[in-house]
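Please take a moment to look over the sequence and the model shown below, and then follow the paragraphs with the structure open beside you.

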Amino acid sequence: MKMKALLFGLFLLTLAFGLTACSGGSENTSSDTKDEKGSNSSEKVEIRFSWWGDTGRNEVYNAIIDKFEEKHPNITVKREFGGWGDYWDKLATQIAGGNAPDVVSMHQSYVSDYARRGALLQLDDAVKNGEIDLSDFPESAVDAGKVDDKIVMIAKGITMPGWAYNTALFDELGVEYPEMDWTWDDFAAKLAELDAAIDSDDQFASPDNGGGQLEPSFRHYLRQLGKDTFTEDGKLGFEKEDLVSWWTMWDDFRKKGYIPDAETGAEYANVPLEQNMFVTGKVALTQIPANQLSLYQEQFDSGELRMVRMPVMPDGENSEYIGAAFLSITEKSKHPKEAAMFIDYFVNAKEAWELFKVNQGPPASTDGSEFVKQFLEPADQRAVSFIQETLPYAHPAPVPPQGVGEIEQAFADNYDAIAFGQVSVEEAAEAFMETAKSIVE
Amino acid sequence: MASLKKMWRNNWVGYLFLAPWLIGFFFLGIIPIGSSLYLSFTSYDMFTPAEWTGLTNYAEIFADKKWWNSVKVTLVYVFIGAPLQLTFALAVAVLLNRGIKGLRVYRAIYYVPSLFGGSVAVAILWRQIFGGDGLINQFLSVFGIKGTNWISSPDTAIFTLIILTVWQFGAPMVIFLAGLKQVPNDLYEAATIDGAGKIKQFFKITLPLISPIIFFNLVMQIINAFQAFTPAYIVSGGSGGPLDSTLFYTLYLYQKGFTQFQMGYASALAWILLIAIAFVTALIFLSSKKWVYYQE
Amino acid sequence: METNKVSEPYRENINIHYMVNKKKIKPKGIVLHLFIIAVGILMLYPLLWMISSSFKPDSEIFKNISFLPTVFTFENYVIGWAGLSGVSFGKFFANTFFLVAVAIIGTVISCSMAAYAFARLEFAYKKIWFAIMLTTMMLPFHVTVIPQYIIFNKLDWVNTYLPLTIPKFLAGDGFFIFLMVQFIRTIPRELDEAAKMDGCGPIRLYSTLIMPLALPALITTMIFTFIWTWNDFFSQLLYIGDINLYTVALGLRMFLDAMGQNSWGAMFAMSTVSLIPLFALFIFFQRYLIEGITAGGVKG
């Protein structure tokens, strides 16, 4: 009995501690979507904004939001954020539960599923009547935010993919730096050159880029052939032969030892950036989006990281298209006007640019990306220059159809089967085409 | 009349004590459970209303190669991992129960792995131990053996996860210890006096008296093992790789539901799992009559 | 029970025999000790690695594999404690303690009540309810997440602690009901009979006999509820949006972002700190696990 009393006392203590410590607004903050519906600028309005990110980004975004609230004292912005994976789990649940934030961060890999299921508000009108001013955005940036020809998301930071290398490592190996406009032949030759210079069994010229996701590498390859992963109306945009030649090329590289074997690749597939193959020196090249250049640069004590384009096809077309992080308004938002004001501020205001800099790539607005250059570290400046240089090559890239998740899975699975030596390239390609066709047709 | 009154009284009392659980079940339990059953017969992408499709999901599941694979992976994990973990837990509990000096410290230390759950630290360390250049391979190379990449070879990846489960035996161990403490010491002393050795005491006294606890741990570990989800993230980052060798059933379910927006299909997957678990649990319950001993 | 009858006459001889046996244990004891220590190191390895990493600067964590930092720094703890967006980790701890305390109280009370009903009382449809209770644990939570969220949203409980606490008072965790049922069933019915003959009703039986005897089960429940609520990340993610309500588990997740920068040092530092209460609780309460109440209660 004495023990029970002791324990119970302990709980009361803990309870008391907890209660006093969180006396500042704990249990009864109710959700706010029941606010007044008016868009009258003198009424108090509350909107919710969610994003994915790390501690650094959270600071930046909070600062931007604070400035917005200063400028519009009648609007309060409630902030919600999480890590990448958690963000999407939570967003899906919130939308399914009818409780989604007003402004959400959006991404190309998810927008098709969200937009085509009616979860996002169409923004064409808001753009047309200037509520969201995109007059300074390059055409390709605006297009990047369209699904089925309707604008559903606005780019907050844009980026372009490319291949990166470390000057110090190349100097050490005695290999010349790759050219900006290198071709696939150049690429293969460079891998061979690196392989010859690298002395160990444990290091490779390049990571395996043949599988994984459909974008960006495979998609760039297809676009150079004048094709694409999917057509405008959601069918497959390529033939089996294209896939076979792509997978054969990479399988070849693996057989020659230019790229890691399947097991090593799998081991590093999900490691954090600090441990990935490029940072730990296991591979000499890496394919990354330009906005991550500075993140990688920080991991190196010597040498400069520079970027070159995705390898091109001599007689092929330009393959570039914009990658970005976006902002959308959810369909059920009760304050679309205020939400639009917020988005407009985020992508156009000088104060916002100054804080954002290149957090997810430079601002999409041409003025914006020029403006932020002055605040940047060298690595970021190189990244922005790279983006500005490759931007003119970009042309529209249709958003994939619904159900692409399954196709992506089939792509990764079948390629892995090749990598682990279980099937031939022919068989894997055949299996993939069958699965993919059954999903889109 | 007196005994009748008593019986009636018991009915009422029983429900009184059960009331909190009943309220919870009727207000917060039955609707989600019922919904998921309903959704399993529909095509539901979470954002648009569900459409009735009857048994289509179930039919598709049985033709789904990935599903069969996830079943295989899960069965291996359940029927190798759970018993292995419990054996360890019981063995260590019995050892610690002997009154070893520093018992408390050891018990706390052995519990530490369970505190880590599926955290990032474990993921990093598991790679450091079982990876291509990991500690295990470094150890093997001393003997001239070249180890494979344990954590990313399709044949061995699942076993690194089984080892993870066994390593986290702390929770069932604590429960075993609590159960062992319930066994009165004088029983052992009397048996020692009667000439029974430690092993005989273990089988004739310890095991029968803690059989309700063994039963509990067995049922719960199996139920949990069937639904294991976080360990997969440790090895494959949620992809179930390499080559789906760590694609746990609930991981596949999560992929189908949240990543591929096929919540109807995922619900059907869930109910098939429920039936399987219920079946295995029922078998264990039936068998319990033979080996579980209650002092009632 | 046969063994009870046997033990009585031999009790005087027990001490002598026990001392004799004690002498025999010694040589085996050393090997045993070594084994236990070795296994102990295996158990502690990740903890040691994490603690040592928490004292290394971010850039060193993955480059230097040894346990000793070349540069010993406290900055991770400072940065980590500062938390996010002006809300310190201290607040996260306070929030989590609150949640956990409420969860423990709710779980112990409601689950022990249900367990008592299943283990000792007779009532109509008891077996069916028990089967249903077990079955609710067999459905993977990912498929009930959305309907549950919708319910809580309609009740306007989202972004409060209510979805995380109220279910605890409604015996939401079948695991503990089942655990306590099994423990209660190890208590001999003769004790019940004795108490009933003294005029004890079912309610008094619960509070004065069964609950004290089931103390190991209650302690176990408390320990596990604490640890699981502390680590229950997914529910907290879904139902807590306001950073002022954040818990430790959510706060820890904030340090990592797959697409961006990771603050490993700060995360390991705060993870280490967050293990302290878990560990402390465990050590504090396991004493009660050892002692329990055995001989006293049985002899009545």
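How many salt bridges are counted between chain C and chain B? The model is a predicted one, and in it the count of salt bridges between chain C and chain B is 0. The two chains nevertheless meet over many residues, since 97 residues of chain C are in contact with 93 residues of chain B. The area buried between chain C and chain B is about 9,000 Å², and carbon and sulfur atoms give 77% of that area. Polar contacts are present too, with 7 residue pairs counted between chain C and chain B, both residues of each pair being at pLDDT 80 or more. On the side of chain C that touches chain B, the largest share comes from helix 1 of chain C (residues 2-54), which supplies 22 residues. Sorted by class, that side of chain C has 72 nonpolar, 20 polar and 5 charged residues.

It helps to look next at chain C by itself. Its secondary structure consists of 15 helices and 0 strands, and 62% of its 300 residues count as buried. If you take the contacts in chain C between residues at least 6 apart in sequence, 69% of them join residues at least 24 apart.

From there we can turn to chain B and follow a single residue, B:Thr160, which lies in helix 7 of that chain (residues 157-167). Is B:Thr160 buried or exposed? Its relative accessibility is 2%, and because buried means under 20%, B:Thr160 counts as buried. Leaving out residues up to four places away in sequence, B:Thr160 touches B:Trp126, B:Phe130, B:Trp150, B:Ile151 and B:Val235. The side chain of B:Thr160 also reaches the backbone oxygen of B:Ala157, at a distance of 2.5 Å. For a sense of spacing, compare B:Thr160 with B:Ser119, which is 41 residues apart from it in sequence and 16 Å apart in space, taken from C-alpha to C-alpha.

Chain A offers strands to examine, and a good place to begin is strand 8 of chain A (residues 285-289), which is mostly covered, with 4 of its 5 residues buried. Strand 7 of chain A (residues 161-166) is joined to strand 8 of chain A by 5 bridges, and the two strands run antiparallel. One of the pairings can be found by looking at A:Ala164, whose bridge partner in strand 8 of chain A is A:Thr286. When you follow such a strand by eye, keep in mind that in a regular strand the side chains alternate between the two faces of the sheet.

Another strand of chain A, strand 6 (residues 154-159), holds A:Lys156. What is the relative accessible area of A:Lys156? The value is 3%, and so A:Lys156 is buried. Which side chains make polar contacts with the side chain of A:Lys156? The side chain of A:Ser105 does so at 3.1 Å, and the side chain of A:Gln360 does so at 3.4 Å. Beyond residues up to four places away in sequence, A:Lys156 touches a longer list of residues, including A:Tyr61, A:Phe326, A:Phe346, A:Phe356 and A:Pro362.

We can now return to salt bridges, of which a search of the whole structure finds 32 over all chains. In chain A, A:Asp113 forms a salt bridge with A:Arg117, with the closest N and O atoms 2.9 Å apart, and both A:Asp113 and A:Arg117 are buried. A:Lys282 forms a salt bridge with A:Asp202, and here the closest N and O atoms are 3.7 Å apart. A:Lys282 lies in the loop between helix 11 (262-267) and strand 8 of chain A, while A:Asp202 lies in the loop between helix 8 (184-197) and helix 9 (217-224) of chain A, so this pair ties together parts that are 80 residues apart in sequence. The surroundings of the two partners can be compared as well: A:Lys282 is buried, with a relative accessible area of 8%, whereas A:Asp202, at 39% relative accessibility, counts as partly exposed. A further salt bridge joins A:Asp228 to A:Arg223, whose closest N and O atoms are 3.1 Å apart, and both of these residues, A:Asp228 and A:Arg223, are buried. Finally, salt bridges that share partners join A:Asp208, A:Asp251, A:Arg254 and A:Lys255 into one network.

How values were computed:
Residues numbered from 1 in each chain as written. Chains lettered and ligands numbered in written order. Predicted model: local features only at pLDDT ≥ 70, side-chain atom pairs only at ≥ 80, totals over all residues. Heavy atoms only, no water. Buried < 20%, exposed > 50% of the residue type's maximum accessible area, 1.4 Å probe, protein only. Contact = heavy atoms within 4.5 Å. Polar contact = N/O pair within 3.5 Å; in protein donor to acceptor, adjacent residues only side chain to side chain. Pairing = 2+ DSSP bridges. Buried area = accessible area lost by both parts, 1.4 Å probe. Salt bridge = Lys/Arg side-chain N within 4 Å of Asp/Glu carboxyl O. Nonpolar A, V, L, I, M, F, W, Y, C, P; charged D, E, K, R; others polar.
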